[in-house]
Amino acid sequence: MTALTWLSHGSWLIESGSHRVLLDPFLTDNPAATLKADDLHSIGHILLSHGHFDHVADAASIANRDAATVVASFEVAQWMSQQQGVESTLGMNLGGAVELPFGTVKMIPALHSNSLPDGSYGGDPAGFLLTVEGKRIYFACDTALFSDMRLHAHRVDLAVLPIGDLFTMGIDDSVKATRLIEPSTVLPAHYNTWPPIEQDANVWAERIANETDAQPVVLAVGESHTL
Ligand SMILES: [Zn+2]
């Protein structure tokens, strides 16, 4: 059984057996996060989709506290190591996959921008395709709609798509992405953190239910979905 807990924004806790993985931890300065870094213990890996502050803010402190490995683009991993003193990093790049103790992580393209908080170059932004306990999970992360989503993530068991608009896809394009990907289940993320990305997730869920074959699941912050 794999449990995904939405920590708000693009931040997720992924639990499988005894493995605990964080994606894009943004907790301390995140007005929407109910669980903070102190509430999350024994993290083994931290996946970073890109280097913007709202995705990496708590990565270094948690990584060093828990001796976790930061998995990111080569450039973001190098920055975490050289500028943030993270002891264990694993750099990768688009199209590459790696076997980790909890499952396989494939780094796939995202249409976004990427720099580190100090302006350093972050390489390409990414999404992640995870295979955990035989289930395929697609985290689109921060991205615009693009048709290759279908190529990379067709018929995954679960897709997590941004709906906040302004910086990423909004509701319209998230519905289109769901039609392309045809996941069994789809979850929204990257919304309601601040007023500029406020969205009514119930409107999104109704549209997914009416216009696609996927099952929409809207989580409250701190709530989990298991698969
Ligand atoms: Zn973001």
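Q: Is Ser8 buried or exposed, and what is its relative accessible area?
A: This is a predicted model, in which local features need pLDDT of at least 70, side-chain atom pairs count only at pLDDT 80 or more, and totals for chains, interfaces and linings use all residues. Residues are numbered from 1 along each chain as its sequence is written, and side-chain values use heavy atoms, with hydrogens and water left out. Buried means under 20% relative accessible area, exposed over 50% and partly exposed in between (1.4 Å probe, protein chains only). Ser8 therefore counts as buried, with a value of 1%.

Q: Which residues is Ser8 in contact with, leaving aside its neighbours within four places in sequence?
A: Start with the location: Ser8 sits in the loop that links β1 (2–6) to β2 (12–16). Strands (E, at least two residues) and helices (H or I, at least four) are DSSP runs, numbered from the N terminus. With contact taken as heavy atoms within 4.5 Å, the partners of Ser8 are Asn30, Ala32, Ala33 and Val221.

Q: Which residues coordinate the zinc ion?
A: Donors are N, O and S atoms within 2.8 Å of the metal (3.2 Å for Na, K and Ca), and sites may look incomplete without water. The donor residues follow the spacing D-H-x86-D-x47-H in sequence. At 2.1 to 2.4 Å, the zinc ion is coordinated by OD of Asp54, NE2 of His55, OD of Asp142 and NE2 of His190, so the residues to look up are Asp54, His55, Asp142 and His190.

Q: What is the relative accessible area of His55?
A: His55 gives the zinc ion its NE2 atom. Asp54, another of the zinc donors, is buried at 8%. His55 is buried too, and its value is 0%.

Q: Which strands are the edges of the seven-stranded open sheet?
A: Follow the strand order, β6-β5-β4-β3-β2-β1-β14, in which the pairing is mixed. Two strands pair if DSSP finds at least two bridges between them. The strands that pair on one side only are β6 (89–92) and β14 (224–226).

Q: Which residue of β6 is the bridge partner of Ser73?
A: Ser73 falls within β5, which covers residues 69–73. Four bridges join β5 to β6, and the pairing is parallel. Across from Ser73, the partner in β6 is Met92.

Q: Which residue of β10 stands opposite Leu129?
A: Leu129 is part of β9 (residues 126–132), a mostly covered strand with six of its seven residues buried. Strand β9 pairs antiparallel with β8 (residues 103–109) over six bridges, and there Ile108 stands opposite Gly127. Strand β9 also runs antiparallel to β10, joined to it by five bridges. On that β10 side, the residue opposite Leu129 is Tyr138.

Q: Which residue takes a positive phi in the hairpin of β9 and β10?
A: The hairpin has two residues between its strands. With a positive phi near 50°, the residue in question is Glu133.

Q: Why do the buried residues of α5 lie on the same side, and what arc do they cover?
A: Helix α5 spans residues 171–181, and its buried residues are Ile171, Ser174, Val175, Ala177, Thr178 and Ile181. An α-helix has 3.6 residues a turn, so residues three or four places apart point the same way. The buried residues of α5 pack against β10 (135–139), α4 (148–153), β11 (158–162), β12 (185–189) and α6 (201–211). They share one side because the arc, taken from the directions from the helix axis to the C-beta atoms, is only 160°.

Q: What phi does Glu182 take?
A: Glu182 comes just after α5. Its phi is positive, at about 55°.
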